[in-house]
Amino acid sequence: MDHEFWGSRGNVRGWSEVRSLWLAVAVVALILVGVGALQLRSGSGSETRRLVLPATQVAPGPTTSVVTSAPPPPSTTAPPPSAPAHLGLPVTAVGDSVMLDMRPDLTAQVHGISIDAAVSRQWSTGVSILSALRASGQLRPEVIVGLGVNGQVTPAGFDAMMRAVAGARRVVFVTVRLPRSWQDDNNATLRDGVARYPGTAVLADWYALSANQPSWFTPDGVHLQPAGAQAMTSLIARQL
């Protein structure tokens, strides 16, 4: 009986040890499974974040380009000097046979102009005509003087002309081109005279404009072909 009891107790201890061993193995297994589950959940969370994050990004909208025009660079070239502005006032013109050549063009381009021109007219005659017009109150605010072809013009004669047109707003003097000895002296007198009366006297430099333009002249080199008459008229009109 003692042997059987010992054997029975031994069996009891053996089964207890086995159960303890299995219990320990089960606990270890549960721990391992729990750790694996945590790692799996952690990995899944990371993976989920990696998948979700791109989806939460805002797609770039259409790009709008704003085009602004830069201001032009400042000009380094000085503009050419402009002619005096036309006052738009009535005009008195006194001249010789060259003015007769361009009379139709002057009448067409300068509206309301009064022209007094004659063949072989001298400078002194022009002074007398303009003095009489001023004295009678008929001298207009703008004056054109187209004289100097038929004789010499002196500085004293230029001053006499300016006295004759005293009160005029603007006086246009036209230089001359002709194959005569007084051409250069007359042009010098006109240029110097205009410089002495700034603001009132202006120069229409026909001599300079007509250089190398023989087709503008008749065979005498003085009077004007239609193209020359148009050119001289345009020159004068730009000074009014």
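A crossing of two helices is right-handed if the near helix is turned clockwise from the far one by less than a right angle. In this predicted model, helix 5 passes helix 6 in a right-handed crossing. Helix 5 covers residues 155–164, and the two helices pack at an angle of about 45°, with their axes 10 Å apart. Angles from 35 to 65 degrees count as oblique, and helix 5 and helix 6 are therefore oblique to each other. Helix 5 contributes Pro155, Phe158 and Asp159 to the contact. Helix 6 answers with Thr189, Leu190, Gly193, Val194 and Arg196. By class, the contact of helix 5 with helix 6 holds four nonpolar, two polar and two charged residues.

Helix 6 spans residues 183–196 and also carries Asn187. Asn187 has a relative accessible area of 1%. Buried means under 20%, so Asn187 is buried. Beyond its sequence neighbours up to four places away, Asn187 touches Thr175, Val176 and Tyr207.

The overall fold was examined next. The chain has eight helices and five strands. Along the sequence, these follow the pattern α-β-α-α-β-α-β-α-β-α-β-α-α. The chain contains 240 residues, and 31% of them are buried. Contacts between residues at least 6 apart in sequence were also analysed. Of these contacts, 72% join residues at least 24 apart.

In soluble globular proteins, nonpolar side chains tend to be buried together. The largest nonpolar core of the model has 29 residues. Met99, Leu106, Ile113, Ile144, Trp206, Met232 and Ile236 touch the most other members. Several elements each supply at least two residues of this core. The strands among them are strand 1 (91–95), strand 2 (113–117), strand 4 (170–174) and strand 5 (201–204). The helices are helix 2 (97–101) and helix 8 (226–239). Helix 8 gives the largest share of this core, with five residues. Met232 is in contact with Val98, Met102, Val174, Trp206 and Leu224, leaving aside neighbours within four places in sequence. A second core is separate and has 22 residues. Its members include Val143, Val145, Val153 and Met161.

Leu89 was considered next. Leu89 lies in the loop between helix 1 (2–56) and strand 1. Its relative accessible area is 25%, and Leu89 is partly exposed. Leu89 touches Pro141, Glu142 and Arg169, not counting residues up to four places away in sequence. Leu89 and Leu240 are 151 residues apart in sequence. In space, their C-alpha atoms are 8.8 Å apart.

Two loop residues have a positive phi although neither is a glycine. Ser120 has a phi of about 65°. Ser120 is found in the loop between strand 2 and helix 4 (123–135). With a relative accessible area of 48%, Ser120 is partly exposed. Asn212 has a phi of about 60°. The loop that holds Asn212 runs between helix 7 (206–209) and helix 8. Asn212 has a relative accessible area of 74%. Exposed means over 50%, so Asn212 is exposed.

Definitions and conventions:
Residues are numbered from 1 along each chain as its sequence is written. This is a predicted model: local features need pLDDT of at least 70, side-chain atom pairs count only at pLDDT 80 or more; totals for chains, interfaces and linings use all residues. Side-chain values use heavy atoms; hydrogens and water are left out. Helices (H or I, at least four residues) and strands (E, at least two) are DSSP runs, numbered from the N terminus. Buried means under 20% relative accessible area, exposed over 50%, partly exposed in between (1.4 Å probe, protein chains only). Contact means heavy atoms within 4.5 Å. Axes are lines fitted to C-alpha atoms, for helices over the stretch in contact, and angles run from 0 to 180 degrees between N-to-C directions. Angles under 35 degrees count as roughly parallel, over 145 as roughly antiparallel, 65 to 115 as roughly perpendicular and the rest as oblique. Ala, Val, Leu, Ile, Met, Phe, Trp, Tyr, Cys and Pro count as nonpolar, Asp, Glu, Lys and Arg as charged, and the others, Gly among them, as polar. A nonpolar core is a set of buried Ala, Val, Leu, Ile, Met, Phe, Trp, Tyr and Cys residues joined through side-chain atoms within 4.5 Å.
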